Every structure is written in C-alpha cells, then in structure tokens.
Amino acid sequence: MGLAGRVIWRYSEANHNALCALGSSSEELAEFKPSDGRIDPSPGDVICYSFRTSELEVVKEEVKGLREIYGDKVTLIAGGPHPSGDPYGTLRLGFDKVFIGPCEEEMAGFLRGEIPKGRKIVTGRSFDISGYPISSDHLPLPKGIEISRGCPHGCRFCQVSYVFGFKVHHRPPESVIQFVSRRGMRVVRFIAPNSLAYMARKAKEPNLDAIERLLVGLRRKGAKQIFFGTFPSEIRPDWVKPEAMRLIREMCDNRTVVIGAQSGSDRMLKLMNRGHSVEDVRRAVEITKQAGLEPRIDVIFFCPGEEKDDRRETFNFIEEMGRMGVVTYAHIFMPLPGTPWADESPQIDPKSLRRIESLVGKGYVKGNWRGHLRILGIRSSLHQPHHSSLSKRLREFPRDDKI
Ligand code: SF4
C-alpha cells in the first residue's frame, strides 16, 4: 500500500540536488512538489526535509510551526547531512522518520509503504550511484552532476566517509554524457569528494582515460562549459599529477582548481587523518601552476587539538602561498554530526581571527569563514550535552533495519 497524500519537498538552494536524485528514483511512485515558500499541506501529505547543520535553527522553528498547525495529520521526514549524522536529535525536533545516508532505494520503499510506520530511523544503503538516475525529465537540472559517492579517507572533520561510506562508487562516463545530451545541458559541473579519483582503480592514480572519455564525450554532445576540479568537486593534493592537470587545462573552462590543503601543520594533518603532508600540497600547487592553472587551497582553522604552533605554521604557509599568488579559502571548524569530531568545539582565538583579517587585507585569504562564525554562534545556543556519545552510538547503531 502506498501513500494517501502528496509528497511536498521543502526546497532550499542546498537541497536542490537531493530533490533531483530522490524525486527521480521515485518518480513512478509520487510526484515531488518543491515548495520554497510557505508549506501548505493537506492531511495525509508527506513533507520532506533535507538539510545541513547550518540550517538547523530555521528547520527547528518550521517543524515546530507545522506541528502546531497540523499535528500528526502530516508526516514529516528528514534526510541529508545533518539528520544523517544526528538522527536522534532530528527526531527530537518533531520528525516522524529520519533517513540516514544515501536513500534513493529506501525512499522508494517508503513511498511503496514497505517501511513499517513504527520504524523511526531508516539506514540508507543506496551507495552505488551508477544504478540511480541523475534527474528525471520532470525535475530541474541538477546544479552539479554527482559522479562519485563515498570516500576512503575518513578525515575527522568531514561527513562524506561516515555518511556515504568508505567505498567509492562512480557514475560511468557514458551515463553522464547521455544525460547531458538528453537534457541539453550546456554548463556542466560535477560533485565528487575528490574529482581526480573519478573511476580510479588504484589510490593516487587518476584514471585519465575515464576522465578524458567523460570530458570529450560531453563536448561532443554540446556542453559549452565544463568545470572540473573546482567547487563542488575539489582535488586532494596527493592525487595531483602533471598529466591530469594538463587534461583539465585543455578540456575544461575553469582556470582555477581547488586543492584541499586543510592545514599548514603536518601535526594537524595527522590529527585530521588527512593522509598527506604539507609538502604534498606544495608539490600539488607547483604542478598545477606549471599546467597553466591557478591553484586555490582550502584551510580549516581551530580544529580540535590545534595549538599556537600549528596556527603559526599555517599562517606562514598561507603567506608563502599568497606570495606565489595562491589564494587560501579559510574555513572555521564546525563539529558535524556523525563525524569523529562531532562532539568537539572550535577553540576560537581572537588574535588568530585578527591575523586572518589581516591576510584578507593582503588578498591572500578569501572564503566564507565569517559566515561559519555566525553559524557557530547560532549553534552554540543549541548545544545539547547528551549528544556527547553520538559518534559512538552511530557506530553501534543497528544496521539491520533493511527495507
Ligand atoms: S575531506 Fe575530502 S578526502 Fe577527506 S573524507 Fe572528506 S571528501 Fe574525503
């Protein structure tokens, strides 16, 4: 037995791609109605939320309002980065069900009425993206095409491995090309944890044949602009190879690529579980410049365990990069649910913030770090001490809730 009502997708810029993915894989079961204004449901409707930690405060208020007006006449379900990392906290907001991780198949099962009403948490196992559509013809074009899902690196600040798994799955070039051709997509961006790992068979060895097949095929099918190795498909420094960067330079439209440096301190890189060194970043930057591309680097400040000396090394590194014309995108550590550092807090140091400001003045630093600080200000008021063993609970979470 399926659903009685409609499926209303609470739309936000950030969940556009999730709408495309889930709406497409369930299109024979329900029409997903995106709603980015006031949600006006009827009894029996299902309202889907997919949200990030940065939206938590807003979602909390909305759910409270919906419950006050509609009570249990509507079903509220949640998925996406925040609910996947903190399913229990999300249920406490007032949701009926939480979907953890990639859930194309599980969402379809829910719409077919195959998931018992009493099951509050549904663990997604839709890891292999090659089996799921990018976006159906009835839904908008995605902002970026997800070409890889999962990451083997397990960096302690990042949700990707812990939500999408440590095994990487890829969408073959042919299916991406076919989609772009059918939908007449002219500007193509990709979503990948590490774009140079696309279709790779061995660690740190980009599969140039597959990447070239993808890029050439897209051009032949009419793609006018292709962006690869830039947001949201950055590159790990230890995967940067001269041939790979030359290929991007020749085949793509971006003149910048973003390399995940994350720190200028080797000690911090170890703590983060990055699996590469500062020297790897220097080498990647050099190779990228030689290929005629402009490297940009990502750095995260105030991670757990970061000390004065680590920050000094990172500032020196940013200065070194800046003198070479390399801009650093600064980020502030945010404790993301589901990660090993979910229960840590950034140790914000005002003196270091002033130093970041001065590097902005020099043109060496850009990025949304001020926005991150604002979000953290909001989140600190929501801190719930009983979440302290969340990561442990997630690891122990029963994995037998198959549909
Ligand atoms: S930061 Fe990048 S390399 Fe590390 S786990 Fe996340 S996606 Fe993988």
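**Entry 1. Lysine 204**

I began with lysine 204, which counts as partly exposed because its relative accessibility is 37%. The model is predicted, and I read every value below as computed from it. I then looked up where this residue sits: lysine 204 belongs to the loop between strand 10 and helix 8 (208–220). Its backbone drew my attention, since lysine 204 is not a glycine and yet has a positive phi of about 65°.

**Entry 2. Asparagine 273**

I looked up a further residue other than glycine with a positive phi, and noted asparagine 273, with a value near 65°. Asparagine 273 lies in the loop that runs between helix 10 (266–272) and helix 11 (278–290). Is asparagine 273 buried, partly exposed or exposed? At 33% relative accessibility I recorded asparagine 273 as partly exposed, because buried would require under 20%.

**Entry 3. Serine 263**

I next turned to the loop between strand 12 (256–262) and helix 10, where serine 263 is placed. Serine 263 has a relative accessible area of 1% and therefore counts as buried. Which polar partners does the side chain of serine 263 reach? I found the backbone nitrogen of serine 265 at 3.0 Å from the side chain of serine 263. I also found a polar contact of 3.3 Å between the side chains of serine 263 and threonine 314. Leaving aside residues up to four places away in sequence, I listed the residues that serine 263 touches as Met268, Leu269, Met272, Val278, Val299 and Thr314. Thr314 thus appears in the contact list and in the side-chain polar contact.

**Entry 4. The sheet of strands 7, 10 and 11**

I traced an open sheet made of 3 strands in the order 7-10-11, with parallel pairing. At its edges I placed strand 7 (145–146) and strand 11 (225–227), each of which pairs on one side only. I then examined the pairing of strand 10 (residues 187–191) with strand 11: the two run parallel and are joined by 3 bridges. Which residue of strand 11 stands opposite valine 188? I identified isoleucine 226.

**Entry 5. A cis peptide bond**

I checked the omega angles and noted that the bond from phenylalanine 231 to proline 232 is cis, with omega near 0°. Proline 232 is found in the loop that links strand 11 to helix 9 (242–251).

**Entry 6. Helix 5**

I looked up the burial of helix 5 (residues 104–111) and recorded the helix as mostly covered, with 7 of its 8 residues buried. Two of the buried residues are glutamates, Glu104 and Glu106; the others are Met107, Ala108, Gly109, Phe110 and Leu111. After helix 5 comes glycine 113, where I noted a positive phi near 80°.

**Entry 7. Domains**

I recorded the division of the chain into domain 1 (7–123) and domain 2 (144–395). Taken over C-alpha atoms, the centres of domain 1 and domain 2 are 28 Å apart.

**Entry 8. The ligand shell**

I closed with the surroundings of the ligand. Which residues surround the ligand? I listed Cys151, His153, Gly154, Cys155, Phe157, Cys158, Val160, Ser161, Pro193, Arg236 and Arg274. Sorted by class, I counted this shell as 6 nonpolar, 3 polar and 2 charged residues. The cysteines in the list are Cys151, Cys155 and Cys158, and the arginines are Arg236 and Arg274.

Terms used:
Residues numbered from 1 in each chain as written. Predicted model: local features only at pLDDT ≥ 70, side-chain atom pairs only at ≥ 80, totals over all residues. Heavy atoms only, no water. Near = heavy atom within 4 Å. Nonpolar A, V, L, I, M, F, W, Y, C, P; charged D, E, K, R; others polar. Pairing = 2+ DSSP bridges. Helix = DSSP H or I, 4+ residues; strand = E, 2+ residues; numbered from the N terminus. Domains from an automatic or database assignment. Buried < 20%, exposed > 50% of the residue type's maximum accessible area, 1.4 Å probe, protein only. Polar contact = N/O pair within 3.5 Å; in protein donor to acceptor, adjacent residues only side chain to side chain. Contact = heavy atoms within 4.5 Å.
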